[in-house]
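I opened the notebook to go through one structure step by step, writing down what I looked up and what I found.

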Amino acid sequence: MSEHAYKVVELVGSSPESIEGAIDNAIARASKSLKNLRWFEVQETRGHIEDGRVGHYQVTLKVGFTLEE
């Protein structure tokens, strides 16, 4: 196994469809400006209630990426 150093950032993603969609949206957006994304960890899940139903999901993630040499 190679020796790596990682940077960890916190992201918040949202989706009107699902928790998974909120995770996907956060990672997809982060991958446009961050390189070498390697892992994520869900820290918090919350949402908005509209008319007695879930209207929107929001997920806070920690995302790790390897630092370039």
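In which strand does Thr66 lie? I looked this up before anything else, keeping in mind that the model is predicted, and found that Thr66 lies in strand E3.

**Entry: Thr66 and its surroundings**

I then asked whether Thr66 is buried or exposed. Its relative accessible area is 7%, and because buried means under 20%, I entered Thr66 as buried. Setting aside neighbours within four places in sequence, I listed the residues in contact with Thr66 as His4, Ala5, Tyr6, Lys35, Asn36 and Arg38.

**Entry: the overall fold**

I stepped back to the protein as a whole and noted 1 helix and 3 strands, which follow the pattern β-α-β-β when read along the sequence. For the dimensions, I wrote down that the C-alpha trace spans about 50 × 20 × 15 Å along its principal axes. The radius of gyration is 14 Å, whereas a compact globule of 69 residues would have one near 11 Å.

I also recorded that 23% of the 69 residues count as buried, and that the accessible surface comes to about 5200 Å², with 47% of it belonging to carbon and sulfur atoms. Among contacts with a separation of 6 or more, residues 24 or more positions apart account for 60%.

**Entry: the nonpolar core**

Which residues make up the largest nonpolar core? I found 8 residues in all, namely Leu11, Ala22, Ile23, Ala26, Ala30, Val59, Leu61 and Val63. The elements that give two or more residues to this core are helix H1, residues 19-30, and strand E3, residues 53-66. Helix H1 gives the most, with 4 residues.

I picked out Ile23 from this core and looked up its partners, leaving aside neighbours within four places in sequence; Ile23 is in contact with Phe40, Val42, Val59 and Leu61.

**Entry: Val9 in strand E1**

I turned next to Val9, which lies in strand E1. With a relative accessible area of 22%, Val9 is partly exposed. Beyond its neighbours within four places in sequence, Val9 is in contact with Leu34, Leu61, Lys62, Val63 and Phe65. I also checked the distance from Val9 to Thr60, which is 51 residues away along the chain, and found their C-alpha atoms separated by 11 Å.

**Entry: salt bridges**

How many salt bridges does the count come to? I noted 2 salt bridges, and as a reminder to myself I added that side chains of opposite charge can pair when their charged atoms come close.

One of them joins Lys35 and Glu68, with the closest N and O atoms 3.8 Å apart. This pair links distant parts of the chain, since Lys35 is in the loop between H1 and strand E2 (37-50), while Glu68 is in the segment after E3, 33 residues apart. Lys35 counts as exposed at 57% relative accessibility, and Glu68 counts as exposed at 56%.

The side chains of Arg46 and Glu44 meet in a salt bridge as well, at 2.5 Å from N to O. I entered Arg46 as partly exposed at 33% relative accessibility, and Glu44 as partly exposed with a relative accessible area of 42%.

**Entry: more on Glu68**

I stayed with Glu68 and asked which residues it touches, not counting those up to four places away in sequence. The residues are Lys35 and Asn36, so that the salt-bridge partner Lys35 appears here too, in keeping with the 4 Å rule for salt bridges and the 4.5 Å rule for contacts. I then compared positions along the chain and found that the C-alpha atoms of Glu68 and Tyr6, 62 residues apart, are separated by 9.3 Å.

**Entry: Tyr6 and a surface patch**

That distance led me to Tyr6, which is found in strand E1, residues 6-15. Tyr6 counts as partly exposed, at 41% relative accessibility. Together with Val8 and Trp39, Tyr6 forms a nonpolar patch on the surface, and the three have about 270 Å² of accessible area together. I closed the entry by noting again that Tyr6 is among the residues in contact with Thr66, the residue with which I began.

Key. Residues are numbered from 1 along each chain as its sequence is written. This is a predicted model: local features need pLDDT of at least 70, side-chain atom pairs count only at pLDDT 80 or more; totals for chains, interfaces and linings use all residues. Side-chain values use heavy atoms; hydrogens and water are left out. Patches are made of residues with over 30% relative accessible area and no salt bridge: like charges are joined within 9 Å, nonpolar side chains (Val, Leu, Ile, Met, Phe, Trp, Tyr) within 5 Å. Accessible areas come from the Shrake-Rupley method with a 1.4 Å probe; for residues, only the protein chains shown count as cover. Buried means under 20% relative accessible area, exposed over 50%, partly exposed in between (1.4 Å probe, protein chains only). The radius of gyration is taken over C-alpha atoms; the globule rule is 2.2 Å times the number of residues to the power 0.38. A nonpolar core is a set of buried Ala, Val, Leu, Ile, Met, Phe, Trp, Tyr and Cys residues joined through side-chain atoms within 4.5 Å.
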